[in-house]
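Grab a pencil and work through a few short exercises with me. Try each task on your own before reading the solution below it.

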Protein chains: 2
Amino acid sequence: MTIEIENAKIGVVGLGLMGSSIATNFLIAGHQVVGLELMPEAYRMASMRIDHHLQACDELKLLEDNTSYNPNNLHLTQTYKDLEDCDLVLESVVEDLAIKSEVIQQIEKTVSGHCVIASNTSAIPITTLQKKMESPSRFLGLHWSEPAYASRYLEIICGAHTDLQIAKQIQQVGPRWGKEPILLKKDIRGFVTNRLMYAVYREGLQILERGEANIEALDKSFRYDTGSWITMMGIFQRMDYLGIKYFENLAERTLGRLSNAKEVPDAMKKIVAEKGRGVHNQNGLYSYSQQEAEDWKEAFGKFSSELHQLSEKWLK
Amino acid sequence: MTIEIENAKIGVVGLGLMGSSIATNFLIAGHQVVGLELMPEAYRMASMRIDHHLQACDELKLLEDNTSYNPNNLHLTQTYKDLEDCDLVLESVVEDLAIKSEVIQQIEKTVSGHCVIASNTSAIPITTLQKKMESPSRFLGLHWSEPAYASRYLEIICGAHTDLQIAKQIQQVGPRWGKEPILLKKDIRGFVTNRLMYAVYREGLQILERGEANIEALDKSFRYDTGSWITMMGIFQRMDYLGIKYFENLAERTLGRLSNAKEVPDAMKKIVAEKGRGVHNQNGLYSYSQQEAEDWKEAFGKFSSELHQLSEKWLK
């Protein structure tokens with residue numbers, strides 16, 4: 001199936017934190033965007049959210065010399081019918097199988113047979129979401145990272161029934177969206193980054209539980225050591241940089257000592273039991289005043305985009 | 001024991017890639033530095049290496065308005081005797097227990113009783129290195145990451161016999177060296193970053209072996225997703241940012257699926273058997289011409305320092 005993607009009209013269903021950020025990404029890439037939000041409160045907020053993201057894009061010079069962006073390209077709606085002539089519809093609603101399935105069925109009922117349907121899920125297998133679909137071959141996962149309009153990351157995930165050609169066409173349009181998409185042909189649980197990062201959490205929690213280092217030390221270690229090279233290298237290119245043989249030696253000495261926990265470690269249960277919703281209610285592993293939390297979130301958005309520009313510059 | 005560290009005269013033994021980079025860090029922090037290199041070829045190269053690093057520091061504006069740096073503060077030597085009035089001596093010779101033990105014994109014979117002795121080892125337990133020392137309480141690990149003069153990372157590792165007060169005094173002087181040191185009170189095998197990163201390698205190699213994603217996809221995934229936040233957050237502050245509860249849910253679903261390999265996975269053995277010395281002989285997991293390899297190494301140095309400046313800016 002050849003799909004219209006270069007000049008696609010794109011629907012985004014669910015305009016929360018992530019959905020509005022993704023809608024902004026499509027807008028600045030020059031697409032016509034239909035934003036559907038069923039919850040009245042969130043619908044009222046949606047326009048403000050997207051404006052806020054566009055302002056951030058402007059500060060980051062993503063709108064400078066950008067002739068593709070047209071503010072009239074955004075249409076916000078509360079009815080599925082407005083999605084009917086979309087070429088691609090992405091759902092970004094809450095991570096709940098029943099809700100996502102229902103939304104996907106509604107989308108499928110509305111759009112044409114040529115429309116690609118995608119999910120931003122980071123937890124539910126794509127194959128599971130395909131089960132109740134009439135034509136599951138046009139369905140795939142598009143997994144973004146925040147802020148979607150500035151991050152270079154996009155994971156394209158095929159379910160068991162996805163037409164690989166569609167996934168490849170989406171991969172090709174990635175650079176227009178400012179992305180370097182990676183394509184997963186198999187629907188692995190947890191996707192790639194989650195799998196790699198939970199390996200880190202498992203080990204970090206073991207070190208914490210044994211009192212070998214505290215939270216601050218673990219964070220600084222990962223931030224300032226791994227963080228100093230990871231954007232440029234990735235883990236396997238790191239092997240090339242430091243010499244492959246060295247890694248085998250160190251792996252031999254290290255692997256037998258790593259955590260093999262299959263259950264959520266007590267250290268994490270304790271954290272969850274004792275702590276609140278992190279930065280969102282100023283009661284997390286670290287302490288923040290409300291102002292500090294807001295300043296920090298803003299700084300993170302800016303850092304993230306400047307980092308993007310930095311890697312653009314040095315990866316040429 | 002109270003040590004002289006603020007205005008310490010510092011010895012660096014072994015002026016290879018890492019040692020010369022560490023010596024440069026001490027120089028630009030305003031210390032008098034005695035650089036000892038016993039191998040004739042490396043001794044001849046040492047001055048050039050340090051000049052090259054200083055030039056990089058200059059390009060990175062680390063020398064601008066830096067009234068501490070004095071080019072006359074560097075003294076290169078081939079004899080241990082010149083270390084005798086140092087307040088701190090760090091060894092950064094090859095990762096070989098016999099060689100490091102011998103070097104540490106020579107240092108201990110030469111210096112005064114007030115001199116702190118440190119090792120840059122990333123593989124040998126500090127406690128093991130303490131075994132043959134006369135006064136092991138003044139010995140600790142100082143684990144740097146490259147480039148030492150620009151990276152913010154410094155791991156301070158206590159062995160079983162280290163005087164914790166000395167480690168704490170070194171931690172306090174960290175900011176003067178441009179570092180945010182983390183202190184490990186226990187001498188854990190593999191140190192913190194290595195432990196976390198080998199958890200990543202173990203899982204990455206499992207994904208590779210199962211054909212779920214290839215090397216490029218794994219690298220991009222880690223670079224563009226994890227890489228987009230890691231410098232600002234660390235893994236536990238990430239929990240605060242995204243909501244702690246979310247992590248427990250995802251951990252429950254993910255942990256049971258992670259690799260528990262205790263042996264070096266076949267995928268890594270295959271890589272080592274088939275490939276050469278990575279970027280150093282242009283025969284790695286990726287392919288590079290000699291020019292590309294050199295350009296890339298240079299770009300990495302610059303990226304790394306600009307990233308440092310970026311985080312300085314946004315972490316205020």
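What follows is a set of exercises on this predicted model, each with a worked solution.

**Exercise 1. Find out how chain A is divided and how its domains touch.**

Step 1: start with the bounds. Domain 1 of chain A covers 9-184, and domain 2 of chain A covers 193-314.

Step 2: look at the spacing. Taken over C-alpha atoms, the centres of domain 1 and domain 2 of chain A lie 28 Å apart.

Step 3: count who takes part in the contact. Domain 1 of chain A gives seven residues and domain 2 of chain A gives five residues.

Step 4: sort the domain 1 side by class. The side of domain 1 of chain A that touches domain 2 of chain A has four nonpolar, two polar and one charged residues.

**Exercise 2. Work out the surroundings of strand β5 of chain A.**

Step 1: place the strand. β5(A) spans residues 116-119.

Step 2: check its two faces. V116(A) and A118(A) sit on one side, I117(A) and S119(A) on the other, and all of these are buried, so both faces are covered.

Step 3: find one partner strand. β4(A), residues 88-91, runs parallel to β5(A), and four bridges join the two. Within this pairing, E91(A) has S119(A) as its bridge partner.

Step 4: find another partner strand. β6(A), residues 139-144, pairs with β5(A) in the parallel sense over three bridges. Here L140(A) in β6(A) stands opposite A118(A).

Step 5: add the helix. Helix α3(A), residues 97-110, joins β4(A) and β5(A) in a right-handed β-α-β unit.

**Exercise 3. Decide whether K100(B) and G284(A) are buried or exposed.**

Step 1: recall the cut-off. A residue counts as buried if 20 or more other C-beta atoms lie within 10 Å of its own.

Step 2: apply it to K100(B). This lysine has 23 other C-beta atoms within 10 Å, so K100(B) is buried. K100(B) belongs to helix α3 of chain B, residues 97-110.

Step 3: list what K100(B) touches. Leaving out residues up to four places away in sequence, K100(B) touches E91(B), V93(B), S119(B), T121(B), I124(B) and L129(B). As for E134(B), 34 residues along the chain from K100(B), the C-alpha atoms of the two are separated by 15 Å.

Step 4: repeat for G284(A). With 22 other C-beta atoms within 10 Å, G284(A) is buried, because it passes the cut-off. G284(A) is found in the loop between α9 and α10 of chain A. From G284(A) to V89(A), 195 residues apart in sequence, the distance is 36 Å, C-alpha to C-alpha.

**Exercise 4. Describe how chain A and chain B meet.**

Step 1: count the contacts. In chain A 93 residues are in contact with 93 residues of chain B.

Step 2: see which elements supply them. β8, α6, α7, α8, α9 and α10 of chain A each supply at least two residues of the side that touches chain B. The largest share, 25 residues, comes from α7(A).

Step 3: sort that side by class. Its residues divide into 47 nonpolar, 21 polar and 25 charged.

Step 4: lay one chain on the other. A turn of 180 degrees and a shift of 0.0 Å along the axis put chain A on chain B with an RMSD of 0.1 Å. That is the relation of a two-fold axis.

Step 5: compare the two sides. Because 100% of the interface residues of chain A are also interface residues in chain B, the copies meet through the same surface.

Terms used:
Residues are numbered from 1 along each chain as its sequence is written. Chains are lettered from A and ligands numbered from 1 in the order in which they are written. This is a predicted model: local features need pLDDT of at least 70, side-chain atom pairs count only at pLDDT 80 or more; totals for chains, interfaces and linings use all residues. Two residues are in contact if their C-beta atoms, placed from the backbone, lie within 7 Å. Ala, Val, Leu, Ile, Met, Phe, Trp, Tyr, Cys and Pro count as nonpolar, Asp, Glu, Lys and Arg as charged, and the others, Gly among them, as polar. A residue is buried if 20 or more other C-beta atoms lie within 10 Å of its own, exposed if 12 or fewer, and partly exposed in between; C-beta atoms are placed from the backbone. Two strands pair if DSSP finds at least two bridges between them. A crossover is right-handed if, with the strands pointing away from the viewer, the path from the first strand over the helix to the second runs clockwise. Domain bounds come from an automatic or database domain assignment. Copies are superposed by least squares on the C-alpha atoms of residues with pLDDT of at least 70 in both.
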